[in-house]
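Biologist: Hello! I have a model open on my screen and would love a guided look at one part of it. Could you take me through that part slowly and then show me how it fits with the rest?

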Amino acid sequence: MSTDPRAGEAAQYVEPEVLEELLSMRSSIDNIDAALVHLLAERFKATQRVGVLKAKHQLPPADPAREKNQIARLKRLAEDAQLDPEFAEKFLNFIIEEVIRHHQAISETASEGGPQEPQQR
Ligand SMILES: O=C(O)C(=O)C[C@]1(C(=O)O)C=C[C@@H](O)C=C1
């Protein structure tokens with residue numbers, strides 16, 4: 001039995017040469033997935049800062065005009081990159097929905113007198 005974590009169920013029914021090719025492709029997929037996780041982590045760190053700023057200045061969590069521009073831009077980029085623009089739109093909307101939830105949570109914590117920056121005298 002193969003112990004290569006990339007093999008999955010394919011190891012049971014694929015010729016060794018095909019399996020080798022599949023594993024090589026899966027290595028690239030694993031690297032890309034790792035990059036995606038790191039990119040998303042950085043994006044959420046940035047949006048966390050935006051959430052704190054918005055709560056501090058009583059700004060609404062969502063900015064639909066900004067979202068409209070982001071989606072239009074991302075769809076253009078997706079088309080250029082031969083990625084389905086409808087998928088790019090759904091993906092960005094999915095992330096933004098989560099960001100807005102985080103912003104709302106930060107704003108609720110702030111309005112309940114939650115963690116605040118030290119007062120300057
Ligand atoms: O740019 C902002 O104002 C954000 O809060 C970030 C962000 C995003 O995730 O890109 C999230 C919510 C807004 O509706 C627009 C954009």
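Where is the place of Gln82?

Modeller: Happy to help, and please keep in mind that this is a predicted model. Gln82 sits in the loop between helix 2 and helix 3. Its backbone has a feature to look at: phi is positive, about 55°, although Gln82 is not a glycine. Gln82 counts as exposed because it has 6 C-beta neighbours inside 10 Å, and a residue with 12 or fewer falls in that class.

Asp84 lies in that loop between helix 2 and helix 3 too. Asp84 is exposed because 12 other C-beta atoms lie within 10 Å, and the exposed class takes in residues with 12 or fewer. If you want a ruler across the model, take Asp84 and Asp33: they are 51 residues apart in sequence, and their C-alpha atoms are 18 Å apart in space.

Now move to the loop between helix 1 and helix 2, where you will find Gln58. Gln58 also has a positive phi, near 50°, in a residue other than glycine. With 9 C-beta neighbours inside 10 Å, Gln58 counts as exposed.

Next, go past the end of helix 3. Glu112 is found in the segment after that helix, and Glu112 is exposed, with 7 other C-beta atoms within 10 Å. From Glu112 to Asp33 the C-alpha distance is 38 Å, with their positions 79 residues apart in sequence.

With those spots marked, step back to the whole chain. Its secondary structure comes to three helices and zero strands, so the elements run α-α-α from the N terminus on. The C-alpha trace spans about 70 × 35 × 20 Å along its principal axes. The radius of gyration is 21 Å, whereas a compact globule of 121 residues would have one near 14 Å. Of those 121 residues, 5% count as buried. Among contacts with a separation of 6 or more, 42% join residues 24 or more positions apart.

The record adds a name to this picture: in an unreviewed entry, UniProt places the feature "domain: Chorismate mutase" at residues 16–107. In the model, that span is 88% helix and 0% strand, and its end C-alpha atoms lie 55 Å apart.

The helices on either side of your loop also meet at the ligand. The ligand is surrounded by Thr47, Val50, Ala62, Asp63, Arg66, Glu67, Gln70, Ile96, Val99, Ile100 and His103. The elements giving two or more residues to this shell are helix 1 (16–56), helix 2 (64–80) and helix 3 (85–111). Helix 3 provides the largest share, four residues. By character, the shell divides into five nonpolar, three polar and three charged residues.

Finally, a word on confidence. The protein chain has a mean pLDDT of 92, and 92% of its residues reach 70 or more. For the complex, the predictor gives an ipTM of 0.99 and a pTM of 0.88. Where pLDDT is low, the predicted coordinates should not be read in detail.

Terms used
Residues are numbered from 1 along each chain as its sequence is written. This is a predicted model: local features need pLDDT of at least 70, side-chain atom pairs count only at pLDDT 80 or more; totals for chains, interfaces and linings use all residues. UniProt positions are given in the numbering used here, feature names are shortened, and annotations may be inferred rather than shown by experiment. pLDDT is the predictor's confidence in each residue, from 0 to 100. A residue is near a molecule or strand if its C-beta atom, placed from the backbone, lies within 6 Å of it. Ala, Val, Leu, Ile, Met, Phe, Trp, Tyr, Cys and Pro count as nonpolar, Asp, Glu, Lys and Arg as charged, and the others, Gly among them, as polar. The radius of gyration is taken over C-alpha atoms; the globule rule is 2.2 Å times the number of residues to the power 0.38. A residue is buried if 20 or more other C-beta atoms lie within 10 Å of its own, exposed if 12 or fewer, and partly exposed in between; C-beta atoms are placed from the backbone. Two residues are in contact if their C-beta atoms, placed from the backbone, lie within 7 Å.
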